[in-house]
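The following exercises concern the architecture of a single chain. Each task is followed by a solution worked out in steps.

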Amino acid sequence: MTLLKIGSKGEAVRELQRQLNKAAAVPTLGVDGNFGDKTDKAVRHIQQRLGLVVDGKAGTNTLKALKQLNTPAKPTARPEPDKSAMASTSPAAVASAAVGAKAPANFTAANILDTTRKLIEIILHCTATPEGKHFTVDDVRAWHKQRGFSDVGYHFLIYPDGRIMLGRPLGQIGSHVQGHNTGTIGIAYFGGLTSDSKTAKDTRTPEQKASTLWLVGQLKKKFPTIAKVTGHNQYANKACPCFKVPNDPVSKLAA
Ligand SMILES: [Zn+2]
């Protein structure tokens, strides 16, 4: 990368001049490809604004910072849905159909990595997102990072179509239940709220139930120290995961 400075000429200078103008550097430049006094002044102006060394020479740092300045901000992650309904402990009632464990197409037991963490319990969650609306692991990761977590707080997340997605590596302590993150695995299904977000609801699809049963079974097999499966609502005064885990077939797997 050549250092652009007084006397430099050519396309690289033209590009620099275009970027300087775009960044509203003073003075405004003619895009002529000749690095003269005016370009020098504009570079110094932008270097000052960006907190760089003010030397009038456009090297890697200045060009990079200038480009960054001129790149429009990425759209922010979608806002986190209103979760106030989660504060209620009486989810909307739903009839639950009996389903059996079934591996999703995207995931095998080989996707469950080894860890030296001593795992004793699986805690189930919902993402507290409205039924029928599509959210991704990246959305949840962004919300959790906004809360100051290093990564998504759950170890596994399950899409409505039953796909199992990796969240935080199993070897890292999760961030899903206050006071119960050590020795536990956090699994969340996408959903948990009615489509209007006003009421906590067990929105699990048959595919999510089947994948959860399968995943819990596989985890229990791989880590025989896992002795129980519980729900977030057994440890906190909230609806999550919006069903009573002790009454659900999933809890029997690790009985
Ligand atoms: Zn939860």
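**Exercise 1. Determine how strand β3 pairs with β5, and name the residue of β5 that stands opposite Leu-157.**

Solution. In this predicted model, strand β3 covers residues 156-158 and is joined to β5 by three bridges. The two strands run parallel. Within this pairing, Ala-188 of β5 is the residue opposite Leu-157.

**Exercise 2. Describe the pairing of strand β1, using Ile-122 as the point of reference.**

Solution. Step one: β1, residues 121-126, is linked to β5 through six bridges, and the strands are parallel. Ile-122 has Ile-185 as its bridge partner in β5. Step two: β1 is also joined to β7, here by four bridges and again in parallel. On that side, the bridge partner of Ile-122 is Val-229. Ile-122 thus has a bridge partner in β5 and another in β7.

**Exercise 3. Assemble the sheet: which strand order results, and which strands stand at the edges?**

Solution. The strands form an open sheet of five, in the order β4-β3-β5-β1-β7, with mixed pairing. The edges are taken by β4 and β7 (228-231); each has a single partner strand, so one side of each lacks a neighbour in the sheet. Direction ignored, neighbouring strands of this sheet are turned against each other by 25° on average. Helix α5, residues 206-222, lies across β1, β3, β4, β5 and β7, and runs at about 165° to β5.

**Exercise 4. Decide whether the residues of strand β5 are buried or exposed, and examine its two faces.**

Solution. Step one: the criterion for a buried residue is 20 or more other C-beta atoms within 10 Å of its own. Step two: six of the six residues of β5 (184-189) are buried, so the strand is largely enclosed by the rest of the structure. Step three: one face carries Thr-184, Gly-186 and Ala-188, the other Ile-185, Ile-187 and Tyr-189, and both faces are covered. Ala-188, the residue opposite Leu-157, therefore belongs to a strand with six of six residues buried.

**Exercise 5. Locate Gly-171 and characterise its surroundings.**

Solution. Gly-171 sits in the loop between β4 (164-166) and β5. A residue counts as exposed if 12 or fewer other C-beta atoms lie within 10 Å; Gly-171 has 11 and is therefore exposed. Beyond its neighbours within four places in sequence, Gly-171 is in contact with Leu-113, Thr-115 and Arg-117. Between the C-alpha atoms of Gly-171 and Ser-84, which are 87 residues apart along the chain, the separation is 31 Å.

**Exercise 6. Assess the overall form of the chain: what do its elements, radius of gyration and domains show?**

Solution. Step one: the chain contains six helices and seven strands. Step two: its radius of gyration is 27 Å, well over the 18 Å given by the globule rule for 255 residues, so the chain is more spread out than a compact globule. Step three: along the principal axes, the C-alpha atoms fill a box of roughly 80 × 40 × 35 Å. Step four: the chain is divided into domain 1 (11-70) and domain 2 (84-252), whose C-alpha centres lie 51 Å apart. Step five: 34% of the 255 residues are buried. Of the contacts with a separation of 6 or more, 67% are between residues 24 or more positions apart.

Terms used. Residues are numbered from 1 along each chain as its sequence is written. This is a predicted model: local features need pLDDT of at least 70, side-chain atom pairs count only at pLDDT 80 or more; totals for chains, interfaces and linings use all residues. Two strands pair if DSSP finds at least two bridges between them. Two residues are in contact if their C-beta atoms, placed from the backbone, lie within 7 Å. The radius of gyration is taken over C-alpha atoms; the globule rule is 2.2 Å times the number of residues to the power 0.38. Domain bounds come from an automatic or database domain assignment. Axes are lines fitted to C-alpha atoms, for helices over the stretch in contact, and angles run from 0 to 180 degrees between N-to-C directions.
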